[in-house]
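The following exercises invite the reader to examine a structure step by step. Each task is followed by a worked solution.

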Amino acid sequence: MAAPRNYKKEYKSYHAKPKQKKRRAQRNTARAKMVKAGKARKGDGKDVDHKNRNTADNRKKNLRVVSKSKNRSFPRKKSSPVKRKKR
């Protein structure tokens, strides 16, 4: 059985870092843009996806709304290629 997660340690060592806070703010901005455009709603179970995987690039043509399962279905490693069907 796996040990329970230490959320306090996790926050302190990763989520509280200035770089990570900035990236989270960029993702929140992207979601807000899509909500304002009427493409996403609070509680809709969807994710806002950055087509080029760059969270700092919040141009409308780089954003799209996709299901959570589709957006989270590939590994997020630099060594692994993105294998997604183009629409």
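**Exercise 1. The span of a helix**

How many residues does helix 2 have, and how far does helix 2 reach from its first C-alpha to its last?

Solution. The model is predicted, so local features need pLDDT of at least 70 and side-chain atom pairs count only at pLDDT 80 or more, while totals for chains, interfaces and linings use all residues. Residues are numbered from 1 along each chain as its sequence is written, and side-chain values use heavy atoms, with hydrogens and water left out.

Step 1. Helices (H or I, at least four residues) and strands (E, at least two) are DSSP runs, numbered from the N terminus. Helix 2 comprises residues 18–36, which gives 19 residues.

Step 2. The expected span of a helix is 1.5 Å times one less than its number of residues. Helix 2 reaches 27 Å, close to the expected 27 Å.

**Exercise 2. The two sides of helix 2**

Determine which residues of helix 2 are buried, and what they pack against.

Step 1. Buried means under 20% relative accessible area, exposed over 50%, and partly exposed in between (1.4 Å probe, protein chains only). In helix 2, the buried residues are Gln20, Gln26, Ala30 and Met34.

Step 2. These residues lie on the same side of helix 2 because they cover an arc of only 120 degrees around the axis, the arc being that of the directions from the helix axis to the C-beta atoms.

Step 3. With contact meaning heavy atoms within 4.5 Å, the buried residues of helix 2 pack against helix 1 (7–15), strand 1 (46–50) and strand 2 (63–67).

Step 4. Pro18, Lys22 and Lys36 are exposed residues on the face of helix 2 turned away from its buried side. Val35, also in helix 2, is partly exposed, with a relative accessible area of 39%.

**Exercise 3. The largest pocket**

State the volume of the largest pocket and describe the lining of this pocket.

Step 1. On a 1 Å grid over the protein atoms alone, a pocket is an open set of points with protein on both sides within 12 Å along at least five of seven lines, and lining residues have an atom within 4 Å of a point. Grid points are joined across faces, edges and corners, and a volume is the space filled by probe spheres set on the points. The largest pocket has a volume of about 670 Å³.

Step 2. The lining has 23 residues, and Arg23, Arg27, His50, Thr55 and Arg76 lie nearest the centre of the pocket.

Step 3. Helix 2, strand 1 and helix 3 (68–71) each supply at least two lining residues, with the largest share, 6 residues, coming from helix 2.

**Exercise 4. Backbone angles and a buried strand residue**

Which phi values do Gly38 and Arg53 take?

Step 1. Just after helix 2, Gly38 has a positive phi of about 85 degrees.

Step 2. Most residues other than glycine have a negative phi. Arg53 is not a glycine, yet its phi is positive, about 65 degrees. Arg53 belongs to the loop between strand 1 and strand 2 and is partly exposed at 38% relative accessibility.

Is Val66 buried or exposed?

Step 3. Val66 lies in strand 2 and is buried, at 3% relative accessibility. Its C-alpha is 9.5 Å from that of Ala40, 26 residues apart in sequence.

Terms used
1 Å grid on protein atoms, 1.4 Å probe; cavity = no way out; pocket = protein on both sides within 12 Å on 5 of 7 lines; lining within 4 Å.
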